[in-house]
Amino acid sequence: MTDAPGLAAVDHVQLAAPTGSEDALRTFYADALGMTEIPKPPVLAARGGCWFAAGPVRLHLGIEEDFRPARKAHPGLRVTGIVEYAAGLEAHGIRTEWDDDLPGHRRFYAHDPAGNRLEFLEPDA
């Protein structure tokens, strides 16, 4: 018996960013979040932006001419050791906003240099 066609996983999340923001994005995603920049195919690299990975997590930052950060939309990123992880971001000068409204989880929000909202969460033990 074969598996039926269907969704298998999220391959990546695409976020937008303004022209010329790549260096600030690299500092945030690689240095502060601890992700690794992964090379874009040459035809896509010509468009600007940058891609990052950490384990199975893939984030693509694409350049958008008339960029405006979304106020509500965001990726939810599962982390381990959330208190220590937040402290690491704060040590990089990144403001964290804790939120206790999701039962069974500890979570906080932070914004990247382009103003994109990111949610970081860890299930309660």
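These are my notebook entries on two sheets and the helices that lie on them, looked up in a predicted model.

**Entry 1: the sheet with strand 1**

I began with the open sheet whose four strands stand in the order 1-4-3-2, and I noted that the pairing in this sheet is mixed. Strand 1 (13-17) and strand 2 (36-38) are at the edges with a single partner strand each, so one side of each has no neighbour in the sheet. When I ignored direction, neighbouring strands of this sheet came out turned by 30° against each other on average.

I reminded myself that the strands of a sheet pair through backbone hydrogen bonds, and that they do this in either a parallel or an antiparallel way. I then looked up strand 3 (residues 50-54) and strand 4 (residues 57-63), which pair in the antiparallel sense over five bridges. Within this pair I found Ala 54 standing opposite Val 57 of strand 4.

Next I asked which strands helix 1 lies across. Helix 1 lies across strand 1, strand 2, strand 3 and strand 4, and it runs at about 5° to strand 3.

**Entry 2: the sheet with strand 5**

I then turned to an open sheet of four strands in the order 5-8-7-6, where the pairing is again mixed. Its edge strands are strand 5 (76-78) and strand 6 (97-99), each of which pairs on one side only. The twist from one strand to the next averages 30°.

Strand 6 and strand 7 (residues 105-111) pair in the antiparallel sense, and I noted three bridges between them. For Glu 97 I looked up the bridge partner in strand 7, which is Tyr 109. Helix 3 (residues 82-91) packs on this sheet, where it touches strand 6, strand 7 and strand 8 (117-123), and its direction makes about 15° with that of strand 7.

**Entry 3: the two faces of helix 3**

Which residues of helix 3 are buried? I found Ile 82, Ala 86 and Leu 89. Seen down the axis of helix 3, these buried residues fall within an arc of 55°, so they line one face of the helix. This fits a rule I had written down before: an α-helix has 3.6 residues a turn, so residues three or four places apart point the same way.

The buried residues of helix 3 pack against helix 1 (22-32) as well as against strand 6, strand 7 and strand 8. On the face turned away from the buried side of helix 3, I found the exposed residues Glu 84 and Ala 91. Last, I looked at what follows helix 3, and noted Gly 93 with a positive phi near 85°.

Notes. Residues numbered from 1 in each chain as written. Predicted model: local features only at pLDDT ≥ 70, side-chain atom pairs only at ≥ 80, totals over all residues. Heavy atoms only, no water. Pairing = 2+ DSSP bridges. Helix = DSSP H or I, 4+ residues; strand = E, 2+ residues; numbered from the N terminus. Axes fitted to C-alpha atoms, helices over the stretch in contact; angles between N-to-C directions. Contact = heavy atoms within 4.5 Å. Buried < 20%, exposed > 50% of the residue type's maximum accessible area, 1.4 Å probe, protein only. Arc of directions from axis to C-beta.
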